[in-house]
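Please look through the sequence and the structure below before reading on. The report that follows takes up a few strands, one helix and one loop residue in turn.

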Amino acid sequence: MEVKNKYIVTKHHIQDAPKEANFELKTETITLSIAPGSDHIIVKNLYISIDPYQLNRMKLSSPSQATISFAAPINPGQAIDGAVIGKVVASGNAKFQKDDLVLGVFTWAHYSLVKEGNILKKLESSEFPLPYYLGVLGFNGLSAYAGFFELCKPQKGEKVFVSAACGAVGNLVGQYAKLLGCYVVGCAGTHKKVELLKQELGFDEAFNYNQEKDLNSALKRYFPDGIDVYFDNVGGEMLEAAVGNMKIFGRVAVCGVIAEYTSGGRKAAPNMMDIVYKRINIRGFLAADFLNVFEDFYAKTSDYLRTGKLKIIEDISAGVESIPSAFVGLFKGDNIGKKVISLVEE
Ligand SMILES: NC(=O)c1ccc[n+]([C@@H]2O[C@H](COP(=O)([O-])OP(=O)(O)OC[C@H]3O[C@@H](n4cnc5c(N)ncnc54)[C@H](OP(=O)(O)O)[C@@H]3O)[C@@H](O)[C@H]2O)c1
């Protein structure tokens, strides 16, 4: 059977904050069957993960691009790949059968033609809603868990600060920290997000960084005795202010620096004297470095979900056509929680 396959490409390299006009919806005709002898698999995509790191792949060049395979450049006009959950519609590979649910690196499209190596795993039992496997039980969850527990080695009662706290990674860091018994403060870009952090997710405090004239004093207000752990999702001025407010032997996990992904974003220049004399440990990481703790992460997080200890915030848009605005929205703070595109037909 032949079908029209819609997919999203970039029109050109993107250096500044992304705009919807940077993207194009293309259509091709594909056959939903596999040629004899081919080991390809055709997947009908169901849920597409929308993630900020993709912007660094869309640039002409970025220090990230040569570091790890999933950060490889995306060429204009080329189908964009990323984390997707889909259902196998045809398979020339004996390991995958029609109707298998699979999680892998597929394209921002209705259908993807993939090889075995693109499939990260089969979803044998879907105990939880499928989008969870892209967010809380996927790389966002692992980033939060490994960055917080493995890098920061937090102790009960410590003071924890999280930026982009209402985002996919940040909200989970704050919730893990509360479950451990820490004092947790998050920052986010709107009043609505601040209320959600305090009222729904159990953060002790939260503030809207857009309404603060001086981030340094804002952090002093919430951490008069200093910060033990800063989980950084944004970089820039917030990282500078956090470093200025760290306690002696404080730990900073740098998960991402979204404020620095766009060309106008100020690059952080933290006070190095603070880092030396307060013996602050600042470490960047990628979730992919921590596959060794995946099982532990997955078991504990699933249990928190079953017992209702972890709340889920997701932001789901429908249709391939909505991908550009969903992606652009990450850089404007439009999303509340994990941004996912649903291609499931009602
Ligand atoms: N190291 C890893 O393996 C790994 C894995 C996943 C994600 N990450 C990184 O972790 C960070 C969060 O990712 P995510 O997927 O959870 O995204 P997200 O937080 O769900 O979405 C991005 C959020 O960042 C905030 N933001 C955007 N531009 C900003 C700016 N200029 N200054 C301050 N905040 C800004 C916005 O919220 P506000 O309303 O608060 O502004 C926006 O909602 C990103 O830096 C990402 O690249 C790293």
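## A strand and its partners

Which residue of E4 does Ile 41 stand opposite? In this model, which is predicted, Ile 41 stands opposite Ser 91 in E4. The two strands concerned are E3, covering residues 41-49, and E4, covering residues 81-91, and they pair in the antiparallel sense over 7 bridges.

E3 also pairs with strand E6 (residues 111-114), again in the antiparallel sense, over 4 bridges, and there Ile 42 has Leu 113 of E6 as its bridge partner. Another pairing links E3 to strand E15 (residues 338-342), where 3 bridges join strands that run antiparallel; in this case the bridge partner of Ile 48 is Ile 341. As for its surroundings, 8 of the 9 residues of E3 are buried, so this strand is largely enclosed by the rest of the structure.

## An open sheet with parallel pairing

Elsewhere in the model there is an open sheet of 6 strands, whose order is E10-E9-E8-E11-E12-E13 and whose pairing is parallel. Its edges are formed by strand E10 (205-208) and strand E13 (281-284), each of which pairs on one side only. If direction is ignored, neighbouring strands of this sheet are turned against each other by 15° on average.

The pairing at one of these edges can be followed to single residues: strand E9 (residues 183-188) and E10 run parallel and are joined by 4 bridges, and the bridge partner of Gly 186 is Ala 206 in E10.

## Helix H2 and its course

Helix H2, made up of residues 139-152, lies across three strands, namely strand E11 (227-232), strand E12 (246-254) and E13, and runs at about 145° to E12. Of the 14 residues of H2, 13 are buried, which leaves the helix mostly covered.

How far apart are the end C-alpha atoms of H2? They are 18 Å apart, and this agrees with the 20 Å that its 14 residues should span at 1.5 Å a residue. The helix nevertheless has a bend of about 25° at Ala 146. Just after H2 comes Lys 153, whose phi is positive, near 45°.

## How H2 packs against H8

Two packed helices are described by the angle between their axes together with the distance between those axes. For H2 and helix H8 (residues 294-306), the angle is about 105° and the axes are 10 Å apart, which makes H2 roughly perpendicular to H8. On the side of H2 the contact is made by Gly 141, Leu 142, Tyr 145 and Ala 146, while H8 contributes Phe 294, Phe 297 and Thr 301. Ala 146 therefore appears both in this contact and as the place where H2 bends.

## A loop residue, Leu 134

Is Leu 134 buried or exposed? Leu 134 has 27 other C-beta atoms within 10 Å and is therefore buried, although its place is in the loop between strand E7 (119-122) and H2.

Leaving aside its neighbours within four places in sequence, Leu 134 is in contact with Tyr 47, Ser 49, Ala 83, Ile 85 and Val 340. Among these, Tyr 47 and Ser 49 fall within E3, Ala 83 and Ile 85 within E4, and Val 340 within E15. By contrast, the C-alpha atoms of Leu 134 and Lys 198, which are 64 residues apart along the chain, are separated by 25 Å.

Methods. Residues are numbered from 1 along each chain as its sequence is written. This is a predicted model: local features need pLDDT of at least 70, side-chain atom pairs count only at pLDDT 80 or more; totals for chains, interfaces and linings use all residues. A residue is buried if 20 or more other C-beta atoms lie within 10 Å of its own, exposed if 12 or fewer, and partly exposed in between; C-beta atoms are placed from the backbone. Two strands pair if DSSP finds at least two bridges between them. Axes are lines fitted to C-alpha atoms, for helices over the stretch in contact, and angles run from 0 to 180 degrees between N-to-C directions. Two residues are in contact if their C-beta atoms, placed from the backbone, lie within 7 Å. The expected span of a helix is 1.5 Å times one less than its number of residues. The bend at a residue is the angle between axes fitted to the seven residues ending there and the seven starting there. Angles under 35 degrees count as roughly parallel, over 145 as roughly antiparallel, 65 to 115 as roughly perpendicular and the rest as oblique.
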